[in-house]
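Work through the exercises below with the model open. Try each task before reading its solution.

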Amino acid sequence: RITRCGRLRLRLIVAPNKRAFDAVTMKVLNCVHRRAWGLVNPLYSEVVSFRRGGRTERREYDRRYFAVMILNASKIRQSTEVVAHECGHAAIYYADRAKGHKWGGRVDIDDEPSEAICYPLGKIFRAVNIALHDARIWA
């Protein structure tokens with residue numbers, strides 16, 4: 001969870017190597033990103049409806065997770081860059097799903113729009129960091 005009372009979660013999957021990473025991305029997302037060492041998917045699908053001669057588009061979101069992050073353990077052991085990069089993507093997806101969240105009244109997002117991404121970025125990176133340490137992927 002990103003906030004203590006929030007209901008949205010980030011699903012973190014760590015594959016031990018590139019081959020496993022490709023297998024997981026194919027199973028979870030039905031695609032392979034050959035040059036990627038990590039990726040984040042916002043877990044929504046575009047739904048297009050045609051009614052009464054009109055076209056409407058909307059997104060259907062996963063109810064449990066705001067995104068899934070898949071990381072290659074062999075690469076992230078070398079550097080935090082991949083983790084930080086993917087946490088940035090996750091923060092953007094979280095900000096999109098949590099529009100209007102005021103972060104405990106500490107900041108008015110309307111005054112400083114970058115805070116809508118920066119607050120969840122810090123919390124996401126901290127949570128991923130703890131999970132990677134607990135799994136002994138990071139020392």
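The exercises that follow concern a predicted model.

**Exercise 1. Take stock of the chain.**
How many helices and strands are in the chain, and in what order do the elements run?

Solution.
- Step 1: Count the elements. The chain holds 4 helices and 5 strands.
- Step 2: Walk from the N terminus. The order reads β-α-β-β-β-β-α-α-α.
- Step 3: Check the burial. Of the 139 residues, 35% count as buried.
- Step 4: Look at the contacts with a separation of 6 or more. Residues 24 or more positions apart account for 63% of them.

**Exercise 2. Lay out the sheet.**
Find the order of the strands in the open sheet of 3 strands, then say which strands stand at the edges.

Solution.
- Step 1: Read across the sheet. The order is 1-5-2, and the pairing is mixed.
- Step 2: Find the edges. Strand 1 (9–15) and strand 2 (38–41) each have a single partner strand, so one side of each lacks a neighbour in the sheet.
- Step 3: Take the twist. From one strand to the next it averages 15 degrees.
- Step 4: Inspect one pairing. Strand 2 and strand 5 (residues 65–72) are antiparallel, with 4 bridges. On strand 5, V68 stands opposite N41.

**Exercise 3. Place two helices on the strands.**
At about what angle to strand 5 does helix 1 run, and at about what angle does helix 3 run?

Solution.
- Step 1: Start with helix 1 (residues 18–29). This helix lies across strand 1, strand 2 and strand 5. Its angle to strand 5 is about 155 degrees.
- Step 2: Turn to helix 3 (residues 81–97). Strand 1, strand 2 and strand 5 are the strands it lies across. The angle to strand 5 is about 170 degrees.

**Exercise 4. Dissect the largest nonpolar core.**
Name the residues that touch the most other members of this core, and the element that gives the most to it.

Solution.
- Step 1: Find the hubs. The core has 21 residues, and I124 and V128 touch the most other members.
- Step 2: List the contributors. Strand 5, helix 2 (73–76), helix 3 and helix 4 (115–134) each give two or more residues. Helix 3 gives the most, with 6 residues.
- Step 3: Trace V128. Leaving out residues up to four places away in sequence, V128 touches L10, L12, M69, L71, V83 and C87.
- Step 4: Look elsewhere. Another core, of 8 residues, lies apart and includes I13, A15, F21 and L39.

**Exercise 5. Classify L12.**
Is L12 buried, partly exposed or exposed?

Solution.
- Step 1: Locate the residue. L12 belongs to strand 1.
- Step 2: Apply the cut-off. Buried means under 20% relative accessible area. L12 has 21% relative accessibility, so it counts as partly exposed.
- Step 3: List the contacts. Not counting residues up to four places away in sequence, L12 touches M69, L71, V128 and A131.
- Step 4: Compare sequence with space. L12 and V128 are 116 residues apart along the chain, while 7.7 Å separates their C-alpha atoms.

**Exercise 6. Examine the rings.**
What kind of pair do F66 and Y94 form, and which ring does the charged end of K18 sit over?

Solution.
- Step 1: Count the aromatic pairs. There are 2.
- Step 2: Classify F66 and Y94. Their ring centres are 5.0 Å apart and their planes lie at 75 degrees, so the pair is edge-to-face.
- Step 3: Place the partners. F66 is in strand 5 and Y94 in helix 3, 28 residues apart. Both are buried.
- Step 4: Turn to W37. The charged end of K18 sits over its ring, 5.7 Å from the centre. The charged end of K75 also sits over the W37 ring, at 5.2 Å from its centre.

Terms used
Residues are numbered from 1 along each chain as its sequence is written. This is a predicted model: local features need pLDDT of at least 70, side-chain atom pairs count only at pLDDT 80 or more; totals for chains, interfaces and linings use all residues. Side-chain values use heavy atoms; hydrogens and water are left out. Two strands pair if DSSP finds at least two bridges between them. Axes are lines fitted to C-alpha atoms, for helices over the stretch in contact, and angles run from 0 to 180 degrees between N-to-C directions. Contact means heavy atoms within 4.5 Å. A nonpolar core is a set of buried Ala, Val, Leu, Ile, Met, Phe, Trp, Tyr and Cys residues joined through side-chain atoms within 4.5 Å. Buried means under 20% relative accessible area, exposed over 50%, partly exposed in between (1.4 Å probe, protein chains only). Rings of Phe, Tyr and Trp (its six-membered ring) pair if their centres lie within 6.5 Å; planes under 30 degrees apart count as stacked, over 60 as edge-to-face and the rest as tilted. A charge sits over a ring if NZ of Lys or CZ of Arg is within 6 Å of the ring centre and within 35 degrees of the ring normal.
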